[in-house]
Every structure is written in structure tokens, then in C-alpha cells.
Amino acid sequence: MTRRARQAGRFTLRYPGRTGRFALRVGSLTAALGVWQLLTGLDVDLWLRFSQFPTAADIARAFTDRVTGPDYWTDLTDSLTRILTGFLLAAVLGVATGVLVARSRLAEDLLGPLLEVIRPIPAIALVPVAILLLPSNEQGIVFITFTAAFFPVLVSTRHSVRALTPVWEEAVRTMGAGRARILASVVLPGALPGIFGGLSVGLGVSWICVISAEMISGQYGVGYRTWQDYTIVDYPGVFVGMVTIGILGWATSTAVELLGRRLTHWLPRTSYVPGGRVPRSVHRADAPAPAATRTEEDAPHDQLV
């Protein structure tokens, strides 16, 4: 049996389309909530003590009550303002510093040692520094958020710029382009995929640190409200805060990913093929076998030796 015949007889399963995938995602989330409700409603205590957890229905009622009040939206606005301010500052300064360190030996020698010493310090450990250095708690929380996102963006940008193919820059330089043109047409576009990878990581770390900073020294904010609910033993309220943080993190991460796809639309994209299967177009019986994988029986007779 030839390769072409074997491919024609191969049976493949089609993965669900966009609507089917959405249904799978909603179904998985619904199933998880159903298991949660079942374990907590029956007070199951095996190794994990589900009897101490509020049920999914209790959290839904608490969430409805919280959303209808003014404090929830005030907390939401404060947390989003802090995260966006710190993250945008980190994005601008992180990309600029990463490009500068990657392109300039002088900048690397002057800034590199200092940045590498500060980078391993957790951003939340800088809370005492922020309290001593900045005049208000609000500015301190923004500073913690900025620091959390700055270093992932910096490191990702630096590595992405250094990994660029030198041929691109040489080609543009032979056409008379200066440093500004090379930066705008070669360096930044070529490093964009890596930069957005750093932005995604930095945003996630920023959410962790802004919530922690709000718990320590905040006045209003999702983290502050979640900690207050914990101190008064309002566990459904604690889970309302956790759900809110998860939704906000997912929404902002999705926004960054969509922006990255829009700005890098010129890049070739590989379609996701579930299970490592070959795309369907390869399995067509009338499609010729790839040149690199053709066997003697697939090749024309006049080419056989």
C-alpha cells in the first residue's frame, strides 16, 4: 500500500469549532462549580475539609449583595486605577530600559549591575521602602505595582532585542537608515513578540503585588476589602474578593494578548492542531506527498535509478 493510499484510509476526528470550544469551556467551569457545590453542601471531610468552605450558592448570594452596594465599585475602581497606572509606567520604562541596555554597552555597564541586584528582591518586600520614601499610601501601592511589572518587561525586552538577527539591521543600514529608523523599523517590531510576553507576565505579577499591598496598607481596593472580610470571618465575602480578582486578572490579560496580536498581525501564526495531528489538508488523497518524505513508489518512474 502506498503512502497516498494509507493517508486516504486514515480516520481522523474533527475538533469542535468555535461554538463547540466555547461550549466546552463553559461546561468545564459549570462542572467545577457543581463539584464545589456538591462537596461543600454535603460537608465532605476527607483529607480536605470542605465543610469549612462556603457553598457556591452562598458565594453567589454574597456576590449579588456586594455588587448592588457602592463599596464594591469603589474598590474595583481603586484597584484598577492602581494596577493600570503602575503597569503602564512599567511598560514604558521597562521597554525603554531593556532596549537601552541591550543596545548600549555603556548603559549595560552602568545600569546592569544595579538592576541585577534589585531584580531578585520581591516587590512586596519593598513596602517598607515605599512607606519611607513616598508621601502617601496610594503612591506606595502604585510604586509596588510598578516594580512588580518593571523587571519582567525589562528582562524580556532585553533578551528579545539581543536575539534579533543582525542581517535585518545590516540590510536597513545599507539603505542609509540611521539609528532612529533602525530602532523604529527593525528593533522594536522584531522584539514585539518577546515584549508582549514580558508584559503578560508582568501584568500577572502586578495583580499579585497590588492585592498584597492593598491588604497591608490600602484604604479601599479589592485586596483591602478581602482582608477586611477575613478579619470579621465573612468567608463568602472573602471568596467574592477572590472571584473578583480572578475576573479582573483574566480581563486585563486578555486585553494585553489581543493588543499584542493586533500589533504583531504581520507575523506568521501556527494553527493549533489538537493531539499533534497533521492538518487535514495533508490527509487529502489527491494531495501529493511532501518532497522530503516521498518514497520510491510515490516518485515518478523516470526519476528512479
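In the predicted model, W73 has a relative accessibility of 45% and therefore counts as partly exposed, since this class covers the range between the buried limit of under 20% and the exposed limit of over 50%. Y72 has a relative accessibility of 10% and so counts as buried. A search of the whole structure returned eight aromatic pairs. Y72 and W73 make up one of these pairs, with a centre-to-centre distance of 5.2 Å and an angle of 90° between the planes, an edge-to-face arrangement. F150 and F151 also form a pair; their ring centres are 5.1 Å apart and their planes meet at 80°, so this pair is edge-to-face, because planes over 60 degrees apart are assigned to that class. F150 is buried at 9% relative accessibility, and F151 is buried with a relative accessible area of 11%. The Y72–W73 pair thus joins a buried residue to a partly exposed one, whereas in the F150–F151 pair F150 is buried and F151 is buried. A further aromatic grouping is the cluster formed by W36, F53 and F239.

The largest nonpolar core comprises 48 residues, of which I144, F150, L199 and W207 touch the most other members. Two or more residues are contributed to this core by each of helix 3 (56–67), helix 4 (70–103), helix 6 (127–133), helix 7 (137–162), helix 9 (179–217) and helix 11 (235–263). Helix 9 supplies the largest share, 14 residues. Leaving aside residues up to four places away in sequence, I144 is in contact with A123, I124, L126, V127, A130, C209 and A213. F150, which is among the core members with the most contacts to other members, is also the buried partner of F151 in the edge-to-face pair described above.

Two pockets were examined. The largest pocket encloses about 410 Å³ of space. The residues lining this pocket are R18, R21, F22, R25, V26, W250, T254, E257, L258 and R261. Helix 2 (18–41) and helix 11 are the elements that each give two or more residues to this lining. Classified by residue type, the lining of the largest pocket contains five charged residues, four nonpolar residues and one polar residue.

The second largest pocket holds about 310 Å³. L29, L33, W36, A56, I59, A60, F63, F239, M242, V243 and I247 form its lining. Helix 2, helix 3 and helix 11 each provide two or more of these residues. The lining of the second largest pocket has 11 nonpolar residues, with no polar and no charged residues. W36 and F239, which belong to the aromatic cluster with F53, are both included in this lining.

Positive phi values occur at two residues that are not glycine, D43 and V233. Phi of D43 is near 55°. D43 lies in the loop between helix 2 and helix 3, and its relative accessibility of 47% places it in the partly exposed class. Phi of V233 is about 60°. V233 is located in the loop between helix 10 (222–231) and helix 11, and at 53% relative accessibility V233 counts as exposed, because the limit for this class is over 50%.

Two aspartates differ in accessibility. D229, in helix 10, is buried, with a relative accessible area of 6%. Not counting residues up to four places away in sequence, D229 touches R66, D234, G237 and V238. D65, in helix 3, is exposed, with a relative accessible area of 56%. G237, one of the residues contacted by D229, also has its C-alpha atom 9.8 Å from that of D65, although D65 and G237 are 172 residues apart along the chain.

Notes:
Residues numbered from 1 in each chain as written. Predicted model: local features only at pLDDT ≥ 70, side-chain atom pairs only at ≥ 80, totals over all residues. Heavy atoms only, no water. 1 Å grid on protein atoms, 1.4 Å probe; cavity = no way out; pocket = protein on both sides within 12 Å on 5 of 7 lines; lining within 4 Å. Points joined across faces, edges and corners; volume = space filled by probe spheres on them. Helix = DSSP H or I, 4+ residues; strand = E, 2+ residues; numbered from the N terminus. Nonpolar A, V, L, I, M, F, W, Y, C, P; charged D, E, K, R; others polar. Core = buried A, V, L, I, M, F, W, Y, C linked by side-chain atoms within 4.5 Å. Buried < 20%, exposed > 50% of the residue type's maximum accessible area, 1.4 Å probe, protein only. Contact = heavy atoms within 4.5 Å. Phe/Tyr/Trp six-rings, centres within 6.5 Å; stacked < 30°, edge-to-face > 60°.
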